[in-house]
Amino acid sequence: MDRRRFLTLASLATMAGFASLACNTKPGFVEDLLRRRFTELGPADLDRILRGLEEEYREKYHRAVSVSAAPALDDVEFGYGLDLSRCVGCRRCTYACVHENNQSRDPQIHWIQVLEMKEEAGLHLVEADQYYDPPLVPEEGFFYIPIACQQCRNPACVRSCPVKATWQEPDGIVVIDYDWCIGCRCCMAACPYGARHFNWAEPGLPPEELNPDTHYLGNRPRPSGVVEKCTFCIHRTRKGRYPACVEICPVGARKFGNLLDEESEIRYIMREKRIFVLKEELNTKPRFYYFYAT
Amino acid sequence: MRDGNRHEENLIADDGGNRRNVGDTLRLPRFSSLIIMLCIFLTISLLILFTILDRPPVSQAEAGGGYRSYGPADFPEIGFDVILPEPQPGAVAGAYTLPPPPFSDEDIFPCSGCHEDTEVDPRRRELVDYHEEILLNHGPEDRWCFDCHDPADRDHLRLANGSLIGFDESYRLCGQCHGTIFRDWRRGIHGRRRGYWNGAKSYLLCAHCHDPHAPHFAAIKPLPPKLRPELLGMNQGSTP
């Protein structure tokens, strides 16, 4: 065999090997490698990806999981109100969020942080304590402020993403495509609210605790190495439901509604109550309003 | 001879070509300088070491929690499945549902079941035998049962103008004094709502959350804080 013949045969064999590798992987493998970003997907591709994810989760968790990609509703922009005069700091919202949104149990990830602040110090983030654990809340002389993603109109996280894996949806929800995220954590550094969380390890999610009603951009099970955050319970709110934290709050401090609807609860709050946003001076323009009802 | 050689090496030329002896100004006894440097180095490292060892163990660092990881499954008493029954096919936007008032199905209502035969005693007194568990802590000293309950018809509440209302409309009674709260409650700002932000909702009566006889919201036990980051990945998790 001469040199030319050897090289031809060897390269042919290599190509055949790669081709057979590609053929033997699960269907859609090559398409996934070459797929377009989420917002540019056609209906056929989107459906194939969603069904593929459902199949993957069924194998992993041995349960039927539905993955939806419901688009934003027309003429809807979500806004959130939180009544600081009512919040007692009981952290029911934190755990309801973990339950609803399939956060990792171990290592632990909490999308909602509740800060305890001294009344005499006022709204002072440096003096805040997030590890308070008294027998009963509210404690005398303290008030509480839960913080999650503020769904900014001018989100620093979106601009900092080098691969455009996170963006603002038409209804104002800032979402992450976990299949597009490269895990660089630039967005976490950019977020002034500490609202983004990173899966340092494979998320620990017992199958019996999995919430099978999921959304592609929201609470579907995440792989390790991606960033996640609050999405206003995108899988619930796009069906008209309240977010889980709103419904679990025992004091009714959490309010939610459509900013474009004059009659909505959130618009009433903005008209009638004293409201403020966190770190207003950063010009992030949050859609999350804190208020004092009394 | 060797000293002479070294002396020669230490001579360097400056720009003007003049020769100058550097070693004369910088030379130190070799071993003593080494020992001084070593002493300084050891002192600094010992200081750093003691600072590290002197820190209290992490579990006693400060008060508060965060030393164990908890998940929603650790609190079965709290129903985290906040799933409202799907709305009825006829449910339209703006439809409201409401659970029955407290004590509706506990062999307590109707109140007339017991009160029919008893004589009305309007005096302010300490209750014995019946309703002694009621702690009246609602506003001024002169409040008494018949400010809200009707002495003749125990199955209804009585407004200030004398008209009777059912217990399922008790918000009208509360709203007589708490007007601003009542206004917020009707708009969904005060109190807890569940359901659809753009449609059917369920709401609660004042008495579902506030004891009308002592309305201040009772303190509750908080769920535990998140795990401190320095303990993450140390297998302290409650869930395997």
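**Strands, contact and core in a predicted model**

Reader: What makes β3(B) and strand β7 of chain B a pair?

Author: Two bridges join β3(B) to β7 (residues 201–203) of chain B, and the two run parallel. Strands pair if DSSP finds at least two bridges between them, so two bridges meet the cut-off. Both are strands in the DSSP sense (E runs of at least two residues, numbered from the N terminus; helices are H or I runs of at least four). B:Thr97 stands opposite B:Ser202 in β7(B).

The model is predicted: local features need pLDDT of at least 70 and side-chain atom pairs 80 or more, while totals for chains, interfaces and linings use all residues. Residues are numbered from 1 along each chain as its sequence is written, and chains are lettered from A and ligands numbered from 1 in the order in which they are written.

Reader: Why are β3 and β6 of chain B called edge strands?

Author: The open sheet has the order β3-β7-β6 (chain B), with mixed pairing. β3 (96–97) and β6 (193–195) each pair on one side only.

Reader: What makes a residue of chain A part of the contact with chain B?

Author: Its C-beta atom, placed from the backbone, must lie within 7 Å of that of a residue in the other chain. By this rule the contact takes 46 residues from chain A and 40 residues from chain B. The largest share of chain A's side, six residues, comes from α4(A). That side divides into 23 nonpolar (Ala, Val, Leu, Ile, Met, Phe, Trp, Tyr, Cys, Pro), twelve polar (the others, Gly among them) and eleven charged residues (Asp, Glu, Lys, Arg).

Reader: Why is A:Cys245 counted in a nonpolar core?

Author: A core joins buried Ala, Val, Leu, Ile, Met, Phe, Trp, Tyr and Cys residues through C-beta atoms within 7 Å; buried means 20 or more other C-beta atoms within 10 Å. Of the 70 residues in the largest core, A:Ala96, A:Cys97, A:Cys245 and A:Ile248 touch the most other members. The largest share of this core, five residues, comes from α4(A). Not counting residues up to four places away in sequence, A:Cys245 touches A:Cys93, A:Ala96, A:Cys97, A:Ile112 and A:Arg254.

Reader: How do you know that β11(A) and β12 of chain A pair?

Author: β11(A) and β12 (residues 288–292) share three bridges in the antiparallel sense, so the requirement of at least two is met. A:Ile275 has A:Phe291 in β12(A) as its bridge partner.

Terms used
Contact = placed C-beta atoms within 7 Å. Buried ≥ 20, exposed ≤ 12 C-beta atoms within 10 Å, placed from the backbone.
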